[in-house]
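Here's a short tour of a small report's worth of structure. Have a look at the picture, then read on.

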Amino acid sequence: MNEFSQLLQITQDLMATVETQQLQINGMREQIAAHSEATQGQPPKQTVNNQEAV
């Protein structure tokens with residue numbers, strides 16, 4: 001395998017890794033958005049109750 005082929009293979013591997021990580025990041029963003037929506041509108045009583053319990 002010559003140098004060009006090696007560089008091409010490395011580049012393709014890196015591009016695949018970046019694509020995989022981007023998909024993971026997008027999934028995490030969706031999870032964060034879902035959790036944020038789930039917690040919207042809930043009063044901060046949990047924090048107050050936790051502080052009172054301490």
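How far apart are the end C-alpha atoms of H1, and what should its 37 residues span? At 1.5 Å a residue (times one less than the number of residues), the expected span is 54 Å, and the ends sit 53 Å apart, which agrees.

This is a predicted model, where local features need pLDDT of at least 70, side-chain atom pairs count only at pLDDT 80 or more, and totals for chains use all residues. Residues are numbered from 1 along the chain, and side-chain values use heavy atoms, without hydrogens or water.

The chain has two helices and zero strands (DSSP runs of at least four and at least two residues). Buried means under 20% relative accessible area and exposed over 50%, using a 1.4 Å probe.

| Item | Value |
|---|---|
| Protein chain, buried share of 54 residues | 0% |
| Leucine 7, relative accessible area | 53% |

Leucine 7 lies in H1, residues 3-39, and is exposed.
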